[in-house]
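This report is meant for a reader who is meeting the structure for the first time. It goes through the ligand site, a group of aromatic rings, the domains and some points of backbone geometry.

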Amino acid sequence: KLKMIFNGNQLANSILQTLRVTSKIKPKLGICLVGDSPASKSYVNRKLKACQEINVDAEVFNFSENVEQDQLIKHIQQMNHDGILVQLPLPLHLNKLDIIHSIPYEKDVDCLHMHNLQRILVYGELCEMLPCTPAAVLQILDYYDVNVIGKKVTVIGRSFLVGLPLSLLLQKRNATVTVCHRETLNLDQHIMNADIVISAAGHPKLVRNVKQGAIVIDVGISQGEKKGRIVGDVDIDVVKNQASLITPVPGGVGPMTVCMLMRNLCNIWKKKQGQPVYINPKLSDAYLND
Ligand code: ADP
């Protein structure tokens with residue numbers, strides 16, 4: 001039987017308080033927003049609100065839906081902000097990877113540049129920047145003192161934004177990780193087998209049955225049947241009778257993701273100032289064993 005439903009807003013707010021900047025000069029985030037999709041706008045607004053809460057500056061640059069690739073890249077190269085991000089998804093005529101790679105990697109606050117992904121591959125959580133959603137998931141596990149060493153963790157989704165980096169970071173924590181995706185056969189078995197299920201597929205009711213007492217982290221975001229409602233990947237009505245911990249959508253991983261973006265921004269800033277950066281204090285000495 002379900003013991004806990006995670007409250008993402010509460011934990012995010014308490015972490016944001018620890019990130020508050022009190023110095024006169026403060027970091028500045030630059031956000032590029034292409035087009036006017038309501039979802040993207042709402043994500044950008046949440047990021048702006050978080051910047052306000054921790055007292056850092058932010059600036060949004062709006063581009064039309066049909067902006068040319070060169071124009072956007074030129075703009076990014078001229079930005080003097082401490083952290084830079086391009087709100088995803090981008091229209092299909094733009095090459096997402098080329099655009100991300102036009103951000104200087106030390107300013108890549110979303111941690112999506114291939115240089116930063118490579119650093120994750122080698123140094124894992126010892127990096128001062130982590131991809132925000134994977135970092136959010138790890139932070140939730142830490143909040144509940146979940147030890148993943150040797151545990152069976154099934155990650156659903158292998159996107160470069162979530163599933164792929166998250167599976168690497170969990171392996172570095174010595175979990176036994178199974179990565180599932182669109183072509184996976186017998187997905188339900190991989191889910192049922194897991195001590196911890198992390199679903200990042202964007203497919204409602206994908207996770208329908210889990211092992212008794214499993215920990216279930218829902219990273220999915222899709223449109224619900226009711227207009228304007230968002231839902232996760234987990235069929236909460238069923239899974240709540242089996243899991244020991246569930247993260248809801250909305251109000252679970254989402255607010256934590258924005259919070260991790262702010263942590264990245266603060267770490268970029270601290271590194272620039274020669275101050276010690278925040279690194280997960282729970283990492284064991286054996287962290288980089290392999
Ligand atoms: P995000 O970037 O938020 O992770 P994407 O849409 O880029 O979202 O990636 C979705 C991932 O989920 C892909 O790796 C895809 O293979 C996986 N996926 C999508 N639908 C299913 C499904 N029905 N079963 C298993 N995996 C799925």
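## The ligand and its surroundings

In this predicted model, a polar side-chain atom of H203 lies 3.5 Å from a nitrogen atom of the ligand. Two other polar approaches involve oxygen atoms of the ligand: an N or O atom in the side chain of S159 is 2.6 Å from a ligand oxygen, while R182 takes part through its backbone, with an N or O atom 3.0 Å from an oxygen atom of the ligand. Taken alone, the ligand would expose 580 Å², and the protein buries 72% of that area.

The wider surroundings of the ligand consist of 13 residues, of which R158, S159, H181, R182 and A201 are the closest. When the residues of this shell are sorted by character, seven are nonpolar, four are polar and two are charged.

## A cluster of aromatic rings

Which residues are linked into a cluster by ring pairs? The cluster is made up of F6, Y143 and Y144, and the count of aromatic pairs comes to three. The rings of F6 and Y143 have their centres 6.2 Å apart and their planes at 65 degrees, and because an angle over 60 degrees counts as edge-to-face, the pair is given that name. F6 belongs to the loop between β1 (4–5) and α1 (8–19), whereas Y143 belongs to helix α6 (residues 132–143), so this pair ties together parts that are 137 residues apart in sequence.

F6 also pairs with Y144, again edge-to-face, with 6.1 Å from centre to centre and 70 degrees between the planes. Since Y144 lies in the loop between α6 and β5 (152–156) and F6 in the loop between β1 and α1, this second pair ties together parts that are 138 residues apart in sequence.

How far these ring residues are covered by protein can be stated for each in turn. F6 has a relative accessibility of 2%, and because this is under 20%, F6 counts as buried. Y143, at 46% relative accessibility, counts as partly exposed, and Y144, at 22%, counts as partly exposed as well.

## Domains and two buried residues

The protein chain is divided into domain 1, covering 21–105, and domain 2, covering 131–253. The C-alpha centres of domain 1 and domain 2 lie 28 Å apart.

N280 is found in the segment after α10 (253–272). The side chain of N280 makes a polar contact of 3.2 Å with the side chain of D142, and N280 itself counts as buried, with a relative accessibility of 12%.

Is G163 buried or exposed? With a relative accessibility of 1%, G163 counts as buried, and its place is in helix α7 (residues 163–172). G163 and H190 are separated by 27 residues in sequence and by 15 Å in space, taken from C-alpha to C-alpha.

## Points of backbone geometry

Some residues draw attention through their backbone angles, and the table sets these angles side by side.

| Residue or bond | Feature | Angle |
|---|---|---|
| L88 to P89 | cis peptide bond | omega about 0 degrees |
| V249 to P250 | cis peptide bond | omega near -5 degrees |
| C111 | positive phi, not a glycine | phi about 60 degrees |
| D145 | positive phi, not a glycine | phi near 55 degrees |

The two prolines of the table can be placed in the fold as follows: P89 lies in the loop between β4 (83–86) and α4 (96–100), and P250 is in the loop between β11 (245–246) and α10.

The residues with positive phi can be placed in a similar way. C111 lies in the loop between α4 and α5 (114–123), and at 0% relative accessibility C111 counts as buried. D145, by contrast, has a relative accessibility of 59% and counts as exposed, because this value is over 50%. The place of D145 is in the loop between α6 and β5, the loop in which Y144 of the aromatic cluster also lies.

Notes: Residues are numbered from 1 along each chain as its sequence is written. This is a predicted model: local features need pLDDT of at least 70, side-chain atom pairs count only at pLDDT 80 or more; totals for chains, interfaces and linings use all residues. Side-chain values use heavy atoms; hydrogens and water are left out. A residue is near a molecule or strand if one of its heavy atoms lies within 4 Å of it. A polar contact is a pair of N or O atoms within 3.5 Å; within protein, one must be able to donate a hydrogen and the other to accept it, and residues adjacent in sequence count only if both atoms are side-chain atoms. Accessible areas come from the Shrake-Rupley method with a 1.4 Å probe; for residues, only the protein chains shown count as cover. Ala, Val, Leu, Ile, Met, Phe, Trp, Tyr, Cys and Pro count as nonpolar, Asp, Glu, Lys and Arg as charged, and the others, Gly among them, as polar. Rings of Phe, Tyr and Trp (its six-membered ring) pair if their centres lie within 6.5 Å; planes under 30 degrees apart count as stacked, over 60 as edge-to-face and the rest as tilted. Helices (H or I, at least four residues) and strands (E, at least two) are DSSP runs, numbered from the N terminus. Buried means under 20% relative accessible area, exposed over 50%, partly exposed in between (1.4 Å probe, protein chains only). Domain bounds come from an automatic or database domain assignment.
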